[in-house]
Amino acid sequence: MDGKDYTWNRFQMGWHVGIGCNYEKYYLVVQVGTDFIPAYSHSFDGGYKPKVNTLDVKLSLGYTF
């Protein structure tokens, strides 16, 4: 294992999108997002190139007054 080929990226960038709704005094939000830039990738012999990305799914419930 030599140097840069086996390192993790220190910079990640991605997107998030969500939708929310009010029902009486309650507020519900669902969000999902992922990375543009993989946290880790490496090319192995034979063309196999695994990547590590993050995926977020968020559910929030609030009370409005």
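The exercises below, each with a worked solution, concern a predicted model of a protein chain.

**Exercise 1. The chain as a whole**

Work out how many helices and strands the protein chain has, and what share of its residues is buried.

*Solution.* Begin with the secondary structure, which comes to zero helices and five strands, so that reading along the sequence gives the pattern β-β-β-β-β. Turn next to burial: of the 65 residues in the protein chain, 11% are buried. The surface can then be described by its area, since the chain exposes about 5,700 Å², and carbon and sulfur atoms supply 58% of that area. Finally, consider the contacts between residues at least 6 apart in sequence, among which 49% join residues at least 24 apart.

**Exercise 2. A nonpolar patch**

Find which residues form a nonpolar patch on the surface, and decide whether Ile19 is buried or exposed.

*Solution.* The patch is formed by Ile19, Tyr23, Tyr26, Leu28, Val30, Leu59, Leu61, Tyr63 and Phe65, which together have about 1,100 Å² of accessible area. Two or more residues of this patch come from each of strand E1 (14-23), strand E2 (26-35) and strand E5 (55-63). Ile19 itself has its place in strand E1. Its relative accessibility is 63%, and because a residue counts as exposed over 50%, Ile19 is classed as exposed.

**Exercise 3. A charged residue under cover**

Determine which side chain of opposite charge is nearest to Asp35, and which side chain makes a polar contact with the side chain of Asp35.

*Solution.* First place the residue: Asp35 lies in strand E2, and Asp35 is buried. The nearest side chain of opposite charge belongs to Lys58, at a distance of 11 Å. A salt bridge would need the charged atoms to be within 4 Å, and Asp35 has no salt bridge. The side chain of Asp35 does, however, make a polar contact with the side chain of Thr54, at 2.8 Å. When neighbours within four places in sequence are left aside, Asp35 is in contact with Gln12, Met13, Gly14, Asn53 and Thr54.

**Exercise 4. A histidine in a loop**

Establish where His42 is found, and whether His42 is buried or exposed.

*Solution.* His42 is found in the loop between strand E3 (40-41) and strand E4 (51-52). The relative accessibility of His42 is 8%, and because buried means under 20%, His42 counts as buried. As a last step, compare sequence with space: His42 and Val52 are ten residues apart in sequence, while their C-alpha atoms are 9.8 Å apart.

Note on methods: Residues are numbered from 1 along each chain as its sequence is written. This is a predicted model: local features need pLDDT of at least 70, side-chain atom pairs count only at pLDDT 80 or more; totals for chains, interfaces and linings use all residues. Side-chain values use heavy atoms; hydrogens and water are left out. Patches are made of residues with over 30% relative accessible area and no salt bridge: like charges are joined within 9 Å, nonpolar side chains (Val, Leu, Ile, Met, Phe, Trp, Tyr) within 5 Å. Accessible areas come from the Shrake-Rupley method with a 1.4 Å probe; for residues, only the protein chains shown count as cover. Helices (H or I, at least four residues) and strands (E, at least two) are DSSP runs, numbered from the N terminus. Buried means under 20% relative accessible area, exposed over 50%, partly exposed in between (1.4 Å probe, protein chains only). Lys and Arg count as positive and Asp and Glu as negative; His and the chain ends are not counted. A polar contact is a pair of N or O atoms within 3.5 Å; within protein, one must be able to donate a hydrogen and the other to accept it, and residues adjacent in sequence count only if both atoms are side-chain atoms. Contact means heavy atoms within 4.5 Å.
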